[in-house]
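These are my notebook entries from reading through a structure. I wrote down what I looked up, in the order in which I looked it up.

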Amino acid sequence: MVEKSDIRVVRCGGSKINLRPSVFSTDSRFVLCASGDSVKVYSTRTEECLHSLQGHTNQVTGITLNPANHLQVYSCSADGTVKLWDFIDGILIKTFIIGYPVFAICVSEKHEGIIFLQLSMATNSKSECLQLVAVHLPKSAEQEVEAKELSAVCSHISSNPSCTALGRGGEFIAFARHLQLNVYFFRKQKTYSFSLQATDKKGAKNAFTCVACHPTDDCIATGHEDGKIRLWRNFNQKKEYTYSTLHWHHNAVNTLCFTPEGTHLLSGGIESVLVQWKYGADNKKELLPRLGGAILHIAASSDGQLFCTSHSDNKLTVIESNFKVCGVIQGLVKGDDVLTDLMIDPRSKALVLNGRPGHLQFYSLLRDKHLYNLDIVQQEYIYEAGLDQFEVVKAVFDIKGSWLATVEERGRKSSDLEFFLKLWAYDEKTQSFVLNTTITAAHTDRIISMCFSSSEETTMLVTTAEDGQFKAWCQGADADTQQDQNFWSCDFVGSYHNLKPTNCSFSADSSLLAVSFQEVITIWSPETWEMLTTLCQPPGEIRDLCFGRLSCSKYLLSTTNRNLCCWNLLTCALEWSTSVEVSKLQPDPLSENVAAFSYQSKHTDLFVFKPSEPRPLFTHKNVCSEKVHRAVFVPQEEPLNNCDESSQWLNRSQLYFLTQNMDLLTFNQATEEDRMLSSSKRLVIDDSVAVTPFYLLLGKHRQQQQNLNTPSYTGADKPQQPQGSATIKELLHTPAHVLPAASVLCSMFVNSLLISKTGVREEMESSEQEMDSEKEEEDSEEEMEACDSQQELRAQGSVDEVTPKLSKAQEKELKRVRKTDFSWMTGLIDSKP
Amino acid sequence: MASFKPTKVQVLPKLGEKVTEDTLYWRNYKSPVQMKEFGAVKKIDFSPLPPHNYAVTASTRVHIYGPHSQEPIQSFTRFRDTAYCGTFRGDGKLLVTGSEEGLIRLFDVSGRVALRQFSGHSKAVRVTSFLSDGLRVVSGSDDMTCRVWDIPSGAELKTFTEHTDYVRALAPSKLNPDLFVTGSYDHTVKMFDMRSGSSLMTMQHGYPVECVLLYPSEALLVSTGGRYVKIWDLLKGGQELVSLKNHHKTVTCACLSTVDNKLLTGSLDRHIKVYNSSYKVVHDFDYDTSILSMAIAPHDEVIAVGMTNGVLSVRHRKHKKVNETLTSRRRRGPSYRVFVKGKNFVPRQDDFLVSKPVKEYLQKHDKQLKSFEVSKALDTALQIWGRTNKPEVTVAVIMEINRRGTLKNALAGRDEQSLSKILNFVLKHIFDPRFSQPMIMVGDIIVDLYKEVIPQSPSVERLLQRLMDVLGGETELQHELLQVLGILDTLFASLTPRKEVAALAAPPVDQGSQLQAA
């Protein structure tokens, strides 16, 4: 049974993928990037996420390929560990425990068994000083190893990891901090430092922002705050160093990168222009403009054919060497602030919020994938620091998802405010929103809130603004002319004693409109535009307003900074009120439930209640430590049927919320999560088998097996895959280079497809296979271990035949075992029909 | 890689009148030709036969004009007193007129002397017409009677004395030779039947009736009088269908357009209004003085309007010129073959297809904006204004430059000529509510930038002086408007009954200025 403690807060989706430079695999088929506490492996061709390497418990702060084995990757994390992964199969190979939070990692071929880490030894994390430390990785067969051999290379390095670079195959290391560039030669064990004036005559800012070293030449490229790039040469002595300057960027150079051959230097900055400088021929450059947000990092593949730029709008762009964009990997864009509410597109059930400047983004929470951006502002974005740009500040969908209203605003800080109200119609043909009406001066002051009426037939939009008015907008309100039917125009202007309206809300059947004016709630009839009544419960300005749904539709909820009130609209009297500061009130569109986030004594609590009964259905103390201002109920894909009282509210929809730190969190049930995981896993396997004649053959075979097996599995809604087909899948999925020779496999495989008649023959074959598997076991010790455990599991599995559902622990074990190579071999033994 | 997004030119709708097919149709007339008559033009009637000459009754004359003639091609002048209501017969050969002295004269259109004279009315005969058989004449007079006359014998056939005041309006039925409708100053409209000798129905208009009009189907009747135009349903026994109050002075005349029976009404308030089939005003013609009479030629080719000061104003319909098609043919670009060249090429199996990127076309100012040449872009935008006289693009470019924060740079460092060009632009559009915001901004920046050097250039100084003058005038005007608004507010407040209405819809003036929905 589901316990109350099973509902927990889970971080979900949309982590930053632009924190650190991404890494190409050697064959440039994959690109790896740090994403929250995992490392994601994307295909450069299809831009799909292949694996998510999970295991770190804190932000992953760096990834780099293992120079000794190009199929392995090191990742370091702020949780104080470095992990070695096989990224093609998504297996964790080793964990090195460092013990201090690690901020960056670099390796070189010359220093075998050594990794260089940037970590802060100081106990107080505030101090910016980081140390560069060389760590000797102990050679131990164990999974978790503690790396103790730390030797400091240098201290006081910049906290920006792009200010440190290994040069010329690891001969020296260059690191810059503020106005000083230091070069440490490993062989000489000597540091040279070069410093620049803080400002030159023209007032340029000279501070270093990034460092890159030429792969074959003795040359260091440094980027500066004023947009200059300096190429340092002859730096292996104190005095006679030289540098040349390249200047194109008008703002700070964020990143520099040499191509692997060293023929070109790539640079990027806030302008979002990738600049390619020809090395040696200074000032010969190629530009690739308008890539997206500011360029934060650039990575080049080892063959120099592909570049990958990370952008500030949480995006990776894969660029071919002939400067053609060939792929975009987009994460959930979270700027400094979510100005629009979190919304759900009623059609695609995608999360909608403002993303790139001037765009609305549609993000699928289920697949954790960015769907598309809708360009709201439709203007050229100027990449310049400190420029006041148009931002989408409000957006709202109507109930069917056929209309979208947006407000874009510019000049909030300065006095001359510009804003537009835009209405978008959903176009079935193009499957996206098309601009229908632009209203240039909808109000004389900022729009505070807006909402669509919830009735199915007629759509009406109500906006409230700081000019003390609320306006109702209708489609084709002046229907004199036949063509103008589709456009929106003002239908009604209302105000109440010149008070400033704060919020507005339509009742579930949109027969009533509630508009709050500071302390007063006014109820209007949208049919006649008559004010029906006013409700007032001082003190405090009203923040949120919402009507109850379904059986509670006679209630109206309002929050002030002190209390939460519930009004009965039949009696026009206060039903109940509690003194709690509610920062966000969110009704569930599919049930009567309302979620209230309250912020008290430095942590946020969640209450879920029905307006008809003041006792909450569910309470969760200390959800997070920040205020919650944005939340949304997302309809479940398929309704759950929890009968437990405390988790019933999650049956129809799931609650997501956004903290002030821009973390997207959700409430989740443990069992559900497991179900999701297993189903997604299965999905991956099923999808990845291409439809070939071979597959069809297999599929037929599998069907037969399933038919055989069905009687025993009638009870379970999702039958476990028969072992035989699973092993064949493993066979298909194991990389070819680790498989035994095809000649060995072939006869076995073909035999496995046959329906044998005699038990004698079967026994013979199985003995054959056992011989084979023994041969394999000799190959490595690890694998033998794996096989042993697999055989153990078999024993358990036979017990499980009776009760098909495995226990959780067993399932986990099964998963782990599946990951190891050759486990399918033993499975093949059992697959004999 | 996203491509450059060109400057978005906002298309703002013009406030007020909306352009519809009807307005386009009624706007499609040439500017009016004006002809001076000797007195107020009381009646205009088009001949039903082509070339559709028209008879104009004014003072003591009836002139007949050809459709394009400036001079009368025929005139009947032998009236001792004012002539009234020269009306053509259905075949266009005869013309009947009434007169102040009470005589009714019948003319042959080609002759000069009256063929018949019907006498019997004791007072002025204001309205005369032929019944639809063409053999009888019906007349209405200030002696409160309507009489029907037989043309061959010249005898009076019947007298109707049901009206109690002057009879000033008359409309014979075209379908039935025995029916006609009269309107009188006794506020009634009556339909008479020759066969019964009395009125069939009576409709109360409520004001002295100036004009009556039957629809071709003769199911609907229009009567005008006072400020009202009323439509009556005759098939329902004279039920009032609509009452229109679109004029603010007496409606003196009405007629139907011949193409799709649109109603036109003319009034002493100097306007002719055109109504659509649901009786909403779709177009409005404005004249110099009060309108007394109006007529429209078949196929709406000509609208002739007579006014109180004796001016006859004639508008002709515009027709597409034939030579236009010739020029368009000459201007045609490359032939079809050029465009389809190579388009239908089917690549063979082992051909390697190199796709050419689609080249996007950018306007010149967008190209300059793309390369951050804001000053040049502004110049280009001003050139566009000079060429097309449409300020939208120029304003859009100014807004775009302002959004980039470089408007100051774009305006700085200009010589006298280019600066005066910008100032001219500002002067012209600063009062357009759609553009005033950016124009004020530009003006501000110019004054800021050039205040030291302005005295060096007299032409720029003059322009700035003018700008100051018009701004002063505008603020004064706005001030007055606000005062008027205040007066109106008090009026509205005193008019509305004391009710607990918290909100009142904003006055229409306010709303109009705010509503600029695209």
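The entries below go from confidence to sheets, then to unusual backbone angles and cavities.

**Entry 1: confidence**

I began by reminding myself that this is a predicted model, and I looked up the scores for the complex, for which the predictor gives an ipTM of 0.71 and a pTM of 0.66. For chain A I found an average pLDDT of 78, with 80% of the residues scoring at least 70. I then noted two stretches of chain A where the pLDDT is below 50: residues 1-5, with six contacts in the model beyond near neighbours in sequence, and residues 759-763, with four such contacts. For chain B the average pLDDT is 85, and 92% of the residues score at least 70. Chain B also has a stretch with pLDDT under 50, residues 500-518, for which I noted 33 contacts beyond four places in sequence. I keep in mind that predicted coordinates should not be read in detail where pLDDT is low.

**Entry 2: a sheet of chain A, E23 to E26**

I looked up an open sheet of four strands in chain A and wrote down its order as E23-E24-E25-E26, with antiparallel pairing. Which strands stand at the edges of this sheet? They are E23 (253-258) and E26 (285-288) of chain A, and because each has a single partner strand, one side of each is left without a neighbour in the sheet. Neighbouring strands here are turned against each other by 20° on average, direction ignored.

I then followed one pair within this sheet, and found that E23(A) is joined by five bridges to strand E24 (residues 264-269) of chain A, the two running antiparallel. One bridge I traced by residue name starts at A:Val253, whose partner in E24(A) is A:Gly269.

**Entry 3: another sheet of chain A, E35 to E38**

I found another open sheet of four strands in chain A, with the order E35-E36-E37-E38 and antiparallel pairing. Its edges are formed by E35 (391-397) and E38 (432-439) of chain A; each of them has a single partner strand, so one side of each is left without a neighbour in the sheet. For this sheet the average turn between neighbouring strands is 25°, direction ignored.

How many bridges pair E36 with E37 of chain A? I found eight bridges, in the antiparallel sense, between strand E36 (residues 403-410) and strand E37 (residues 418-427) of chain A. Among the residues involved is A:Ala405, which has A:Leu423 as its bridge partner in E37(A).

**Entry 4: a hairpin and its loop**

Next I looked at E45(A) and E46(A), which pair in the antiparallel sense over six bridges. Within this pairing, A:Ile523 has A:Thr533 as its bridge partner in E46(A). The hairpin has four residues between the strands, and I placed A:Trp529 in this loop, between strand E45 (520-525) and strand E46 (530-536) of chain A. A:Trp529 caught my attention with its positive phi of about 60°, although it is not a glycine.

**Entry 5: other unusual backbone geometry**

I noted as background that most residues other than glycine have a negative phi, and that most peptide bonds are trans. A:Gln378 also goes on my list, as its phi is near 55°, a positive value in a residue other than glycine. I located A:Gln378 in the loop between strand E34 (369-375) and E35 of chain A.

In chain B I found a cis peptide bond joining B:Pro50 and B:Pro51, with omega about 10°. B:Pro51 lies in the loop between strand E2 (41-46) and strand E3 (54-58) of chain B.

**Entry 6: cavities**

Last, I looked up the enclosed spaces, and the count came to five cavities of 30 Å³ or more. The largest cavity has a volume of about 80 Å³. What lines the largest cavity? I found 13 lining residues, of which A:Pro357, A:Gly358, A:Val377, A:Gln379 and A:Tyr381 lie nearest its centre. By residue type, the lining of the largest cavity divides into four nonpolar, five polar and four charged residues.

Technical notes: Residues numbered from 1 in each chain as written. Chains lettered and ligands numbered in written order. Predicted model: local features only at pLDDT ≥ 70, side-chain atom pairs only at ≥ 80, totals over all residues. Heavy atoms only, no water. Pairing = 2+ DSSP bridges. Axes fitted to C-alpha atoms, helices over the stretch in contact; angles between N-to-C directions. 1 Å grid on protein atoms, 1.4 Å probe; cavity = no way out; pocket = protein on both sides within 12 Å on 5 of 7 lines; lining within 4 Å. Points joined across faces, edges and corners; volume = space filled by probe spheres on them. Nonpolar A, V, L, I, M, F, W, Y, C, P; charged D, E, K, R; others polar. pLDDT = per-residue confidence, 0-100. Contact = heavy atoms within 4.5 Å.
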